[in-house]
Amino acid sequence: MANVTAITGFFFMGISDVQELQTLCGVFFLLMYMAALASNLIIITLSTLDLQLQTPMYFFLKNLSLLDVSFVSVTIPNLVGNSLTHSNFISIPGCAVQVFLLSSFSAGEVFILTAMSYDRYEAICSPLHYDAIMNGSTLVLMEGVSWATGVLFGAIYTAGKFSGPFCGSNVIPQFFCDIPSLLRISCSERLMLIYTGLGIGIYLGMYCFTCVVISYFYIFSTVLKIPTNKGQSKAFATCIPHLTVFTVFIATACFVYLKPPSIVPSITDRLFAVLYSVLPPTLNPLIYSLRNNDVKCALRRLQQNLCARYSLHLILQRKFCGF
């Protein structure tokens with residue numbers, strides 16, 4: 001019979017047992033978190049305020065950045081706090097909230113990335129009907145379905161995982177409540193419910209992955225028929241950032257969750273789990289802005305507007321002080 005223990009919380013193994021290294025890692029990931037937060041908030045601000053970015057592509061990009069901010073804020077602040085205070089305890093309700101938010105935001109991000117691939121498909125393969133198909137109602141519907149599906153999956157998966165007691169050790173060999181670690185200490189009588197939720201997640205992930213692959217098959221087929229190199233380059237420039245973001249997200253997730261499990265994860269495994277949490281949210285804004293003239297121009301316009309307002313404020317202040 002499984003050793004069922006009435007535990008009230010879990011202890012994270014953390015990145016390292018050396019307190020000095022914990023503090024160093026905490027500062028490093030705090031800087032990465034701040035960079036991810038700032039870059040994604042810039043994307044959200046630009047796509048909201050700049051009139052030239054009021055297009056379906058940037059509508060979905062704003063949602064992606066919002067999901068990235070939410071996703072990275074679930075685990076990294078807790079990691080930084082634990083590293084700096086050397087406290088690795090989390091209550092069961094806190095762990096359940098982490099699992100719910102992580103699974104919800106991850107699923108929502110997959111659906112938003114799938115919606116973005118459909119947007120690129122319509123823009124390139126059906127340009128004459130693009131505005132009619134990707135209208136405001138369609139965008140809101142796709143956005144709502146993506147967020148709602150993510151929340152629904154997160155609720156089902158979390159309910160299955162925390163519907164009963166845990167068996168064995170209450171030490172999680174990670175810095176957050178990750179799925180493989182919780183599966184290892186879940187009691188056998190409810191594994192069927194847990195694996196049902198996991199199966200639903202795998203099915204949804206494979207469905208979205210298939211949709212993205214099919215979309216890009218038609219996109220590349222259409223682009224290669226464009227007679228000029230300039231036209232092909234312009235079409236590829238709108239697709240490559242999304243394809244890169246999707247690849248980075250899927251690749252890091254597969255590396256963390258599909259590799260052969262180890263009884264005691266090494267520090268390398270734990271570091272890769274951290275990178276999975278912080279790397280895609282940090283890279284996504286950079287990928288979309290490095291070779292994107294629209295974003296660069298929007299950022300320059302925002303800077304010019306802010307400088308103009310600041311200059312006007314100084315002039316009015318001087319006039320007021322002069323009186």
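At 42% relative accessibility, L84 counts as partly exposed, a class that sits between buried (under 20% relative accessible area) and exposed (over 50%), with a 1.4 Å probe and protein chains only. The model here is predicted, so local features need pLDDT of at least 70 and side-chain atom pairs count only at pLDDT 80 or more, while totals for chains, interfaces and linings use all residues. Residues are numbered from 1 along each chain as its sequence is written, and side-chain values use heavy atoms, with hydrogens and water left out.

## A nonpolar patch

L84 belongs to helix α2 (residues 56–85). Helices here are DSSP runs of H or I with at least four residues, strands are runs of E with at least two, and both are numbered from the N terminus. Together with V27, L30, L31 and M34, L84 makes a nonpolar surface patch of about 430 Å². The largest share of this patch, four residues, comes from α1. A patch takes residues with over 30% relative accessible area and no salt bridge, joining nonpolar side chains (Val, Leu, Ile, Met, Phe, Trp, Tyr) within 5 Å and like charges within 9 Å. The areas themselves come from the Shrake-Rupley method with a 1.4 Å probe, and for residues only the protein chains shown count as cover.

Helix α1 (residues 19–49) also holds L24. Is L24 buried or exposed? With a relative accessible area of 56%, L24 is exposed. Its C-alpha atom is separated by 8.3 Å from that of S83, although the two residues are 59 apart along the chain.

## Salt bridges

How many salt bridges does the count come to? The answer is two, where a salt bridge is a side-chain nitrogen of Lys or Arg within 4 Å of a carboxyl oxygen of Asp or Glu. In one of them, the side chains of D50 and R301 meet at 3.0 Å, N to O. Since D50 lies in the loop between α1 and α2 and R301 in helix α10 (residues 293–322), the pair ties together parts that are 251 residues apart in sequence. D50 is buried at 10% relative accessibility, whereas R301, at 25%, is partly exposed.

A salt bridge also joins R120 and D119, at 2.9 Å from N to O. R120 is buried, with a relative accessible area of 8%, and D119 is buried too, at 1%.

## Aromatic rings

The model contains 10 aromatic pairs. Rings of Phe, Tyr and Trp (its six-membered ring) pair if their centres lie within 6.5 Å; planes under 30 degrees apart count as stacked, over 60 as edge-to-face and the rest as tilted. Here are two of the pairs.

| Pair | Centre to centre | Angle between planes | Class |
|---|---|---|---|
| F59 and F60 | 5.6 Å | 75 degrees | edge-to-face |
| F209 and F246 | 6.2 Å | 20 degrees | stacked |

The stacked pair links distant parts of the chain, with F209 in helix α7 (residues 191–223) and F246 in helix α8 (residues 229–257), 37 residues apart. F209 is partly exposed, with a relative accessible area of 37%, while F246 is buried at 4%. In the edge-to-face pair, F59 is buried at 18%, and F60 is buried at 0%. Elsewhere, Y118, Y121, F217 and Y218 form one aromatic cluster.

## Cysteines

A disulfide is a covalent bond between the sulfur atoms of two cysteines; the rule used here is a pair of cysteine sulfur atoms within 2.5 Å. A search of the whole structure finds one. Which cysteines form it? They are C95 and C177, with their sulfur atoms 2.1 Å apart. The link of C95 and C177 is left-handed, with -140 degrees about the S-S bond. This pair, too, connects distant parts of the chain: C95 is in helix α3 (residues 92–125) and C177 is in the loop between β5 (171–172) and α6 (179–184), 82 residues apart. Both C95 and C177 are buried.

Why is C211 not bonded to C208? The sulfur in C208 is the closest cysteine sulfur to that of C211, but at 6.3 Å it is too far for a bond. C211 is partly exposed, at 23% relative accessibility. C239 is in no disulfide either, and the nearest cysteine sulfur, that of C125, is 8.6 Å away. At 0% relative accessibility, C239 counts as buried.
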